[in-house]
Amino acid sequence: MKKSTYFGNHEEGPRRRNRRLAWLDSPDGLYVILGLSCLLKLALLIVTLDKTPNADGIRYIRAAQELASGNLEGSLRIYPMPVLPALMAGVHLLIPDWALSGRILSSVFIVLAQIPLYKITQGWFGCRAAFFACLAFTLQPFGNEMSTLIYRGPGHLLFFAWALRAMLRALEHPSTTRLAAAFLLSILPAAFRVEGALLIPFFPLSVMGLALKDKRFRGRPVLLSAVWVLVPAAALFHVWHVSPQSLWINRMDDLKRMALEIWHLKFLDQYKIIYEHLRGMESLGPLPTQDQNFGEIARHFLWLIYLIGLIQTVARTLYPVSLIPLAVGLRSARKNLYQGYTLSLWLAYFLLLYIQLIKKDCTGERFVWTCAFLLYPWVGHGISLILAWKPPADFRRLFKWSVVLMLAILPLSKLPKTVEKPDLVSAKAGQWLRQSPCRNLKILGNDYRIPLSAGIPFDYKNRKDAPYWHFDPEDKDYSTVEKLAQRTKRDLILLKFPNKKTAEPPPMSLYRLITTMKDERRVVFVFGTPEAAFLCSPGSEPGR
């Protein structure tokens, strides 16, 4: 019996089925997957139209609003990375709703990221594996969630993928044009996330390393790589030492701080604090003088605990059912220069995330998303291998349906969580404030979504003359909110809390409860001074 291969074999199965699935083994599969992805993202945008922006998205919206009004400095003060706000301001020319503009931009970034993913996987494993790699990415629950939010991650992912595609093409044929394209594209991810700066030195240093073994990279490629390393280094040196006042633009100060912390091992400071706390836990056990109690074990293997936590986060972002085809794809792939380079880049990015995890003692899916994205070529290869395997005839249909259930139905089952119970009360409170006679009063609140919905400007600085003052204590103790409102001369206090049976506003003696607004999950209490309460009462509204 002839063995199956991981590419489409037109000698297997009925010819009719081969004709129906011919697009899987041709570049047309890219258009099919882009169409499916567009339909899915469009459906998610429609069902989340009422969704208020996420916290980071509010900041980007405010920066984009200032930029659209011509206030570049004010936009940079709100958020110093201007590319995403500038793109949002451009989309807003076509889409009046700021939040929808940001979500559309996120969706477009995610859809377009599949083009370089398809091209990379196609070059390694063929069109069928490329289609399945993009399909797995399209169905990724975290990616679908990100398409309904406003973050820098989708833009970073898109340009990171295109930069990788350009680098692999330059490694294949190291011409001046391809090297220049790879160098220039390696800058763009850093415009969205600071970690993207890793690509700027990584590729030229890789070319110089390859020149030691491969004659193709000697001569002009090495010279261009050396120039590309020296020019950004000189530019950074100039900014860091000659004009440090401009470091805050595009968060270059964070990049400098990160580099110095790695160089001086300062990123281990938090690690040492936790290490000493675990040492102190050793005396809490029933036999503190004996070896191998929990505190001692955890202290010695703290580095491993962090490593396991980071691996778990990457696996959760990739989505657990993709781990099986990933393992199959990695085991069966024939390693070459291009796959080796991608895996080296993945390892370098993972190491950077590991250092950040140790420094901050926390991480999240959106920080490791790009790291998970780099693994999808092998996921697609693994899926094509699994589907090409032919079990005994009695179990063939059961096997195929099991694979479909595992790889498609399970990720789609997470979609309801993405769209469930949006925050409607913030928009409701903002609309009430926009239409209320007291919309021009000074406000103190704990949720930026309300003034954003009301069209009230804010810049996160809590200036004395600002129309909105933000107060959201980390310990959620609002007992001092009335004194703060008096001290800052606020007329209204707007507080949003979870809508629980025990949810009660803090006691007020000088501010009166004007109104309460609720949805299924949250409640907003509006308090005002006696004058504000009279002004905001229903009888004083225009037209009554």
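**Reading helices, cores and cysteines**

Modeller: Over residues 338-355 the chain is 100% helix and 0% strand, with its end C-alpha atoms 26 Å apart. Do keep in mind that this is a predicted model.

Colleague: Thanks! Which annotation in the UniProt record covers residues 338-355?

Modeller: The unreviewed UniProt entry has them as a "transmembrane region". That annotation also covers residues 29-49, 180-203, 223-242, 301-318 and 367-389. Take 301-318 as another case: the chain there is 94% helix and 0% strand, and the end C-alpha atoms are 26 Å apart.

Colleague: Now the packing. Which residues touch the most other members of the largest nonpolar core?

Modeller: A core here is a set of buried nonpolar residues joined through side-chain atoms within 4.5 Å. The largest one holds 127 residues, and those touching the most other members are Met88, Phe137, Phe203, Tyr306, Tyr341, Leu433 and Leu492. Domain 1 (156-241) and domain 2 (424-536) both contribute residues, so this core lies between them. Apart from it lies another core, of 15 residues, including Phe497, Met508, Tyr511 and Val523.

Colleague: Let me zoom in on one member. What does Leu433 touch, leaving aside residues up to four places away in sequence?

Modeller: Leu433 touches Cys438, Arg439, Ile443, Ala454, Ile456, Leu492 and Leu494.

Colleague: Cys438 catches my eye. How many disulfides are there, and which cysteines form a disulfide?

Modeller: First the general idea: a disulfide is a covalent bond between the sulfur atoms of two cysteines. In this model the count comes to one. Cys438 and Cys536 form it, with their sulfur atoms 2.2 Å apart. The link is right-handed, with 140 degrees about the S-S bond. It joins distant parts of the chain, as the two cysteines are 98 residues apart. Cys438 sits in the loop between helix 24 (424-435) and strand 1 (443-445), while Cys536 belongs to helix 27 (residues 530-536).

Colleague: Are Cys438 and Cys536 buried or exposed?

Modeller: Both Cys438 and Cys536 are buried.

Colleague: And why is Cys38 without a bond to Cys134?

Modeller: Look at the sulfur distance, with 2.5 Å as the cut-off. The closest cysteine sulfur to that of Cys38 is in Cys134, and because it is 12 Å away, it is too far for a bond. Cys38 has 40% relative accessibility, so it counts as partly exposed. Cys371 is in no disulfide either, as the nearest cysteine sulfur, that of Cys362, is 17 Å away.

Colleague: What is the relative accessible area of Cys371?

Modeller: It is 0%, so Cys371 is buried.

Notes:
Residues numbered from 1 in each chain as written. Predicted model: local features only at pLDDT ≥ 70, side-chain atom pairs only at ≥ 80, totals over all residues. Heavy atoms only, no water. Buried < 20%, exposed > 50% of the residue type's maximum accessible area, 1.4 Å probe, protein only. Domains from an automatic or database assignment. Contact = heavy atoms within 4.5 Å. Helix = DSSP H or I, 4+ residues; strand = E, 2+ residues; numbered from the N terminus. UniProt positions renumbered as here; feature names shortened; annotations may be inferred.
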